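Let's take a friendly walk through this model. Please keep the viewer open as you read.

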Amino acid sequence: MIELYGRRTSINVQKVSWTLCELNLEFKWHEEHGAIGKINVENYEQINPQLIVPTLNDNGSIISQSNSIVRHLYRKYSDFYKLTNANDIAIAEQWMEFQSTDLQINMTPVFWGLIRTSQEHRDHELINKNVILLNNKFTILNNFLKIRKFIINDSFGMSDIILGVATYRYMSLPIERPELIHLTKWYESISSRDCFIKNIQGTFS
């Protein structure tokens, strides 16, 4: 049995639940509607000593760190790593890391500042600085997508999921964004997928 631990509104949990859906994998979801910052699972520290989400139990193999979980699922339950050349795999993983490092470092202060912090306690200087940086980085992604339908050309895959959850948050933020034609076209395509609608749509909070 595959078991997923973590709440539905967590960006990192969303990467995994969307992946499980795309790969048609059945799983048991623990704490799907849990609270922010805590997980009400008995002895969870024995499952994940960091006490963070997500954690995946894949038939006895315990895996944490969202991007690693997604890579594991694609490696084990799809033909992606078998049928894709090494250069395209490197590109897919490069953009996955771009999300978890470059994008997330600026997304966090903007999202927490505007969505999870009351107006009187917001650090607007920090927020505005990171909005500029976030727009610049999504412009880089926009330019990359200029001649591509998906991250790996015409094939939807794990890197589209990782960047897709980040773009959902970006597009949902109450900020001014530059005109990003190629990003918007790509996002409209992936956000119309059944597994996006089921796992991501309506979870912005």
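Leaving aside its neighbours within four places in sequence, which residues is Tyr-74 in contact with? They are Thr-19, Leu-23, Phe-80, Tyr-81, Phe-156, Gly-157, Met-158 and Ile-161, where contact means heavy atoms within 4.5 Å.

A word on the source: this is a predicted model, in which local features need pLDDT of at least 70 and side-chain atom pairs count only at pLDDT 80 or more, while totals for chains, interfaces and linings use all residues. Residues are numbered from 1 along each chain as its sequence is written, and side-chain values use heavy atoms, with hydrogens and water left out.

Tyr-74 also matters to the count in the largest nonpolar core: with Trp-18 and Phe-138, Tyr-74 touches the most other members among the 57 residues there. Helix H5 (residues 86–115) gives the most to this core, with 10 residues. Such a core is a set of buried Ala, Val, Leu, Ile, Met, Phe, Trp, Tyr and Cys residues joined through side-chain atoms within 4.5 Å. Buried means under 20% relative accessible area, with a 1.4 Å probe and protein chains only.

Next come the strands. Helices (H or I, at least four residues) and strands (E, at least two) are DSSP runs, numbered from the N terminus, and two strands pair if DSSP finds at least two bridges between them.

| Pair | Sense | Bridges | Opposite residues |
|---|---|---|---|
| S1 (residues 2–5) and S3 | antiparallel | four bridges | Tyr-5 and Thr-55 |
| S3 (residues 55–58) and S4 (residues 61–64) | antiparallel | four bridges | Asn-57 and Ile-62 |

In a regular strand the side chains alternate between the two faces of the sheet. In S3, Thr-55 and Asn-57 point one way, Leu-56 and Asp-58 point the other way, and all are buried. The hairpin of S3 and S4 has two residues between the strands, and Asn-59 takes a positive phi near 55° there.

Helix H7 (residues 158–172) has 15 residues and reaches 22 Å from its first C-alpha to its last, close to the 21 Å expected at 1.5 Å a residue; that expected span is 1.5 Å times one less than the number of residues. Of the 15 residues of H7, 13 are buried.

Technical notes. Buried means under 20% relative accessible area, exposed over 50%, partly exposed in between (1.4 Å probe, protein chains only).
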